[in-house]
Amino acid sequence: MATDLETASGRGTSVESTGPAATSRSWAPAAGLGLVVVGSFAVYTLLALAVGAPRVHPDEVRYLIAASSLVEGEGLTLRGEEYGFGPLLALLLAGILRLAGSVDAAYDWFKAANALLWALTAVPVYLLARRLVRAWWAVLAAGLSVAIPSSISVATVMTESLSYLAAAWALYAIALALERPTVVRQLAVLAAIAAAFLTRPQFGILYATWVGALALLWLVVPETRPRTRGDLVGLWPTALPVVLGLLAFAARLVSGASARDSLGAYWELWRGYDPLQVGKWVVYHLGDFTVYLAVVPVAVAPVVLWELTRAGRGGSRRAGAFVALFASANATGLLVVAAFTSTPWGYDRLHDRYGFYLVPLWLVGLVIWLASGLPRRPVAAVSIGVVAALALPLILPFRQLANEAGIDTVPGALWERVEAELAGPGPASGGLALAIFLLVLLAATFLLPRRIARIALPAVVAISFAATSYFAWERLIDAPEDLVFAGGLERAWIDARLPDDARVTKLYVDTSCGSALERHALFLTEFFNSTVDRAAYIGDSVPDGLPIERVDVAPSGALERSGRPFVADYVFTQPGIELDGRRLAEGTAAGLVLWEVDGPVRVVGASSNAALRRELCA
């Protein structure tokens, strides 16, 4: 049976001649896309509302502080210091916060906005798929893309939802520019990449994706290569960021700034990288992606790329553009994720949180395969797909897949549960279940009759997404952070007792007897109370990941910072720390205490950091 891809490439005509060129006049696919957007928005809003407090510390606090500083007219700052992260989310949060009036009132609106942004990602994914398949297949790609398990991030006050939408538009813009690199389309690519970068600086790599894809396209579709001086001059928008970037970098060096300062808040990533470690994490993340995607899209990818490459060499720019985009985006994107994971800040665990924006490309590849009649040749491409889809997840240590890393490794929610259910005497284990999962899906992909597989395989992918999402949402909703305000305790317990212009300092000390409840309460109190604008930790406690001051207990009990008195108007801290001042209120299930100090801060009954710790744990 000749497939669309095979027929197109065999005739030397373009793949799109069997797709969007035969435009349907029916509004049904557009209505279907609208239902995907509206339905996913409604579902994710309801799920997100079940999450009663932030889960990811200090990230969620960071973005909220930046938004609050904008609302208060202090510019984009983080506890009075330079922000250094993408500003778009902070701007969005600030707008919601100004309308709502308080963080407590705005919190649910933050999550609803995330749900809307996530749902809207279906639109650029639909448009990207529509370059190569008919409308209803594009709707399927869009629907699967917003159904991915990483959707749990809509319940967090972080960049994931906004960055998913921004990255999808950037990938679509790159695809259009690859097909026809006019000046306008190149400028659109740069604008889309800039928007993605301003959401999350990681997406600066999309510029490398664009340049790499352009070079790959010249290999896949030789007729697209620049052949005259005019063709080269027409690429000036693409060269412009390199020129401007070098000039800006040189200016910073001349001004006395170091090279690593150019990375802003990410300066720690200016370092050497071990190629072997980076390579290992690329392989591990590919294995993670294979499980995340329920095997099928990875297994068929070599077949799809083979046939699209043939079509591209036959003259199809759309086919060649997708091959180039797919290869370049995955190479550059996974390289960045792997490089970060190889550093000490990667904590030796998978981070599909930073790579899930690539998932729509794999899903578009899947629907291309389905729309083309499920081609199962050439044998070499099928063999590569089978070996990759089987070997990559089995190379990945199972403990990396089945972990408790929350939104960092979303499939962990499912496979941790599988491992727990199979634990005990006997041969059953999570690793064995994974191997069976892989073998069954590979057999279904290449052995099921096409008329059955065409329906069963996308259904299996959707069911896998749903199962993983169920356990991921369950883990997120039942997180211990909700205990902080259990029983109806007031979230804005400090703001309710102080004037709007009050300035409150968070103060804490790590002890051997401290609890997770206390740590969560400290973060969440700062999140929900806009009057908290400063933080300090005592002695060699662990900093909270945001700009913070270290103080020490002097023999007199006074807190000192670099030998000078530490001064504050109001301080909230953990129970047991008695301050020389007026006790104003107690809040959260951890019993945090708000003190009015109005001057130098002094701890009562302690003469050193160690003495304070002993007293707290006595």
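Tutor: Before we look at this predicted model, one definition will help: the expected span of a helix is 1.5 Å times one less than its number of residues.

Student: OK, so what span should helix α9 have, and how far apart are its end C-alpha atoms?

Tutor: Helix α9 covers residues 183–199, and at 1.5 Å a residue its 17 residues should span 24 Å, which agrees with end C-alpha atoms that are 24 Å apart.

Student: Which residues of α9 are buried, and what do they pack against?

Tutor: The buried residues of α9 are Q186, V189, L190, A192, I193, A196 and T199, and they pack against α4 (88–100), α8 (160–179), α10 (205–220) and α12 (236–254).

Student: What does the same check give for α21?

Tutor: For helix α21 (residues 450–477), the 28 residues should span 40 Å, and the end C-alpha atoms are indeed 40 Å apart. Its buried residues include P458, F465, F471 and W473.

Student: Switching to the sheet, what's the strand order?

Tutor: Eight strands make up an open sheet with mixed pairing, in the order β7-β6-β5-β4-β3-β8-β10-β9. The edges are taken by β7 (564–565) and β9 (582–587), and each has a single partner strand, so one side of each is left without a neighbour in the sheet.

Student: How do β3 and β8 run, and how many bridges join them?

Tutor: Strand β3 (residues 504–508) and strand β8 (residues 567–573) run parallel and are joined by four bridges; V504, for instance, has Y570 as its bridge partner in β8.

Student: And which helix packs on the sheet touching β3 and β8?

Tutor: That is helix α22 (residues 516–528), which touches β3, β4 (532–538), β8 and β10 (592–600), and whose direction makes about 170° with that of β3. Helix α23 (residues 609–616), by contrast, lies across β4 and β5 (549–553), running at about 85° to β5.

Student: Now D408: where does it lie, and is it buried or exposed?

Tutor: D408 lies in the loop between α18 (398–401) and α19 (412–422), and it is buried, with a relative accessible area of 6%.

Student: What does its side chain make a polar contact with?

Tutor: The side chain of D408 makes a polar contact with the side chain of R349, at 2.7 Å. Leaving aside neighbours within four places in sequence, D408 is in contact with R349, L350, H351, D352 and R353.

Student: Last one, V36: buried or exposed?

Tutor: V36, which sits in helix α2 (residues 28–49), counts as buried at 18% relative accessibility, because the cut-off for buried is under 20%. Not counting residues up to four places away in sequence, V36 touches A122, V139, A142, G143 and V146.

Methods:
Residues numbered from 1 in each chain as written. Predicted model: local features only at pLDDT ≥ 70, side-chain atom pairs only at ≥ 80, totals over all residues. Heavy atoms only, no water. Pairing = 2+ DSSP bridges. Helix = DSSP H or I, 4+ residues; strand = E, 2+ residues; numbered from the N terminus. Contact = heavy atoms within 4.5 Å. Axes fitted to C-alpha atoms, helices over the stretch in contact; angles between N-to-C directions. Buried < 20%, exposed > 50% of the residue type's maximum accessible area, 1.4 Å probe, protein only. Polar contact = N/O pair within 3.5 Å; in protein donor to acceptor, adjacent residues only side chain to side chain.
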